[in-house]
Amino acid sequence: MCSDRLKWIDDTLAAAPDRPTLVLMHHPPFRTGIAPMDHMGLGGGADFAEIIRHHPRVERICCGHVHRAIECRFAGTIAGTAPSTAHQVTLDLRPDEPLTFAFEPPGYQLHYWCEEVGLVTHTAQIGDWPQLYQVDEGQLRIG
């Protein structure tokens, strides 16, 4: 990540120091353990982490690129990737394996702001599922 972009991020976060903030970016700033994706990862991650550490109101860093849901503690906040609405990168943590993908269920993340607890993130799969089951006072009801 170039110094101009890092300065822009720092200045933007500094402009609203009391506002809870969600940072959205493509490449995750952390190592995922999926070696081919990590080789294509974010450059300048240490400098970016230093900026994030100075802005404690960053609630979460949301990323794409990896095409699967991953969560990681990063620079005093939570960083994560979302699943893809298409294919998912194969979960293969062996360091010398080639990059592959699988047609696992597509998914997305929904971020919900709740004043009492902060940011709540739901990860959901997309698809046709069997009928809904309702639970009433601990009893399962079909229908």
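In the predicted model, the buried residues of helix α1 are covered by elements that include strand β1 (21-25), helix α3 (45-53) and strand β2 (58-63). The residues of α1 that are buried in this way are Leu6, Ile9 and Leu13. Viewed down the helix axis, these buried residues fall within an arc of 60°, so they line one face of α1. Ser3, Asp4, Lys7 and Trp8, on the other side of the helix, are exposed. The length of α1 was also examined: at 1.5 Å a residue, the 12 residues of this helix (residues 3-14) should span 16 Å, and the end C-alpha atoms are indeed 16 Å apart, which agrees with the expectation.

Helix α3 was considered next. Its buried residues are Gly45, Phe48, Ala49, Ile51 and Ile52. These residues cover an arc of only 160° around the axis, which puts them on the same side of α3. The packing partners of the buried residues of α3 are α1, β1, β2, β3 and β4.

In soluble globular proteins, nonpolar side chains tend to be buried together. The largest nonpolar core of the model comprises 21 residues, of which Leu13, Val23, Phe48, Ile52, Ile61 and Phe74 touch the most other members. Two or more residues are given to this core by each of α1, β1, α3, β2 and β3 (70-74), and the greatest contribution, four residues, comes from α3. When residues up to four places away in sequence are not counted, Ile52 touches Leu13, Val23, Val58, Ile61, Ala75 and Thr77.

Ala75, one of the residues touched by Ile52, is placed in the loop between β3 and β4 (77-81). Its phi is near 50°, a positive value in a residue other than glycine, and, with a relative accessibility of 14%, Ala75 counts as buried because the limit for that class is under 20%. A positive phi, here of about 65°, is also found at His65, which is not a glycine. His65 belongs to the loop between β2 and β3, and at 14% relative accessibility this histidine counts as buried.

Another histidine, His55, is located in the loop between α3 and β2, where a relative accessibility of 12% means that His55 counts as buried. Apart from neighbours within four places in sequence, His55 is in contact with Asp10, Leu13 and Ala14; of these, Leu13 is among the buried residues of α1.

The largest pocket has a volume of about 280 Å³. It is lined by 15 residues, and the closest of these to the pocket centre are Trp8, Ile9, Val23, Leu24 and Met25. The elements that give two or more residues to the lining are α1 and β1. With respect to the residues closest to the centre, Ile9 is one of the buried residues of α1, whereas Trp8 is exposed on the other side of that helix.

Three glycines were examined for their surroundings. Gly33 lies in the loop between β1 and α2 (35-39) and, at 33% relative accessibility, counts as partly exposed. Leaving aside neighbours within four places in sequence, Gly33 is in contact with Asp38, Asp92 and Leu93. Although Gly33 and Arg94 are 61 residues apart in sequence, the distance between their C-alpha atoms is 8.2 Å.

Gly44 is situated in the loop between α2 and α3 and is partly exposed, with a relative accessible area of 31%. Its C-alpha atom is separated by 24 Å from that of Val89, which is 45 residues away along the chain.

Gly118, in contrast to the two loop glycines, is found in a strand, β8 (residues 118-125), and counts as buried at 6% relative accessibility. Once neighbours within four places in sequence are left aside, the contacts of Gly118 are with Glu59, Tyr112 and Trp113. The C-alpha atoms of Gly118 and Ile61 are 14 Å apart, with their positions 57 residues apart along the chain.

Note on methods. Residues are numbered from 1 along each chain as its sequence is written. This is a predicted model: local features need pLDDT of at least 70, side-chain atom pairs count only at pLDDT 80 or more; totals for chains, interfaces and linings use all residues. Side-chain values use heavy atoms; hydrogens and water are left out. The expected span of a helix is 1.5 Å times one less than its number of residues. Buried means under 20% relative accessible area, exposed over 50%, partly exposed in between (1.4 Å probe, protein chains only). The arc is that of the directions from the helix axis to the C-beta atoms. Contact means heavy atoms within 4.5 Å. A nonpolar core is a set of buried Ala, Val, Leu, Ile, Met, Phe, Trp, Tyr and Cys residues joined through side-chain atoms within 4.5 Å. On a 1 Å grid over the protein atoms alone, a cavity is a set of points where a 1.4 Å probe fits but cannot get out, and a pocket is an open set with protein on both sides within 12 Å along at least five of seven lines; lining residues have an atom within 4 Å of a point. Grid points are joined across faces, edges and corners, and a volume is the space filled by probe spheres set on the points.
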